[in-house]
Amino acid sequence: MRLEPVTEDNYRAVVDLEVHEEQRGFVATNLKSIADAWVYRPKMQPLALYAGDELVGFTLLHRDQPHDLHIVRFMIDRRAQGRGLGRKGLAAIAEVARGEGRTRLTLSLVPGNAVAHGLYAAFGFKETGEKDGDEIVMRHDLAPARHSPQG
C-alpha cells in the first residue's frame, strides 16, 4: 500500500471513490475532505491510497500537534473492501507518522460505525474516553520505527 498526494491527475478518481450505501452516514465525501484540506492548508494533507496501481481509498491527515498525526478521514472504496486494505492503509499512515518522528495516531469515529471501530481496534487503537463533538476519540501509540542492522 502506498500513499500519494491528491493531484490534478488523480483528484477526479479520488472524488469518485465511495463507500457502501450503509456506510455513507459515517464518513464525509472525499470532495468535502479535499475542500477541507484546501481551507486548512498546509496542516491538512489529502492522500490517495494505492494497492499497486489500483486506487483503493483516501485519507485526510492533520498535522497540528508535534507528536500526533490525526487521521481526519479514512475510507476504502466499496469495490476494494474485504481485501485487508484498511489495515494496510493504516500501516502506511503509521509509517508516515514514524518517519516524521511522531509517536501517536489519533482519530474519531461516529458511534455505531462497528466496521471501522473493529478495524481500528484490531490495529491497536484504543478509546480515550474523550469525545470530539458526538464522535468517539481513539488513539494508537506507535512503537518506534524498526531499523535493520547495518552490516
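**Exercise 1.** State how strand 5 and strand 7 pair, and over how many bridges.

*Solution.* Step 1: strand 5 (104-109) and strand 7 (residues 135-141) pair in the antiparallel sense over six bridges. Here helices (H or I, at least four residues) and strands (E, at least two) are DSSP runs, numbered from the N terminus, and two strands pair if DSSP finds at least two bridges between them. Step 2: within this pairing, Ser108 stands opposite Val137 in strand 7. The model is a predicted one, in which local features need pLDDT of at least 70 and side-chain atom pairs count only at pLDDT 80 or more, while totals for chains, interfaces and linings use all residues. Residues are numbered from 1 along each chain as its sequence is written, and side-chain values use heavy atoms, with hydrogens and water left out.

**Exercise 2.** Describe the connection between strand 6 and strand 7.

*Solution.* Step 1: strand 6 and strand 7 are antiparallel, with four bridges. Step 2: Asp132 has Glu135 of strand 7 as its bridge partner. Step 3: the two strands form a hairpin with two residues between them, and Gly133 in the turn has a positive phi of about 65°. Most residues other than glycine have a negative phi.

**Exercise 3.** Give the order of the strands in the sheet, and determine which strands stand at the edges.

*Solution.* Step 1: the seven strands form an open sheet in the order 1-2-3-4-5-7-6, with mixed pairing. Step 2: strand 1 (2-5) and strand 6 (126-132) each have a single partner strand, so they stand at the edges and one side of each is left without a neighbour in the sheet. Step 3: on average, neighbouring strands of this sheet are turned by 35° against each other, direction ignored. Step 4: at one edge, four bridges join strand 1 to strand 2 (residues 44-51), and the two run antiparallel. Pro5 is paired there with Leu47 of strand 2.

**Exercise 4.** Identify the strands that helix 2 and helix 3 touch.

*Solution.* Step 1: helix 2 (residues 30-39) packs on the sheet and touches strand 2, strand 3 (54-62) and strand 4 (68-76), where contact means heavy atoms within 4.5 Å. The direction of helix 2 makes about 40° with that of strand 3; axes are lines fitted to C-alpha atoms, for helices over the stretch in contact, and angles run from 0 to 180 degrees between N-to-C directions. Step 2: helix 3 also packs on the sheet, touching strand 1, strand 2, strand 3, strand 4 and strand 5, and its direction makes about 155° with that of strand 4.

**Exercise 5.** Characterise the packing of helix 3 and helix 4.

*Solution.* Step 1: helix 3 (residues 85-99) and helix 4 (residues 114-123) pack at about 50°, with their axes 10 Å apart. Step 2: the two helices are therefore oblique to each other; angles under 35 degrees count as roughly parallel, over 145 as roughly antiparallel, 65 to 115 as roughly perpendicular and the rest as oblique. Step 3: helix 3 contributes Gly86, Arg87, Leu90, Ala91 and Ala94 to the contact, and helix 4 contributes Leu119, Tyr120, Ala122 and Phe123.

**Exercise 6.** Locate the cis peptide bond.

*Solution.* Step 1: the cis peptide bond joins Arg41 and Pro42, with omega about 0°. Step 2: Pro42 lies in the loop between helix 2 and strand 2.
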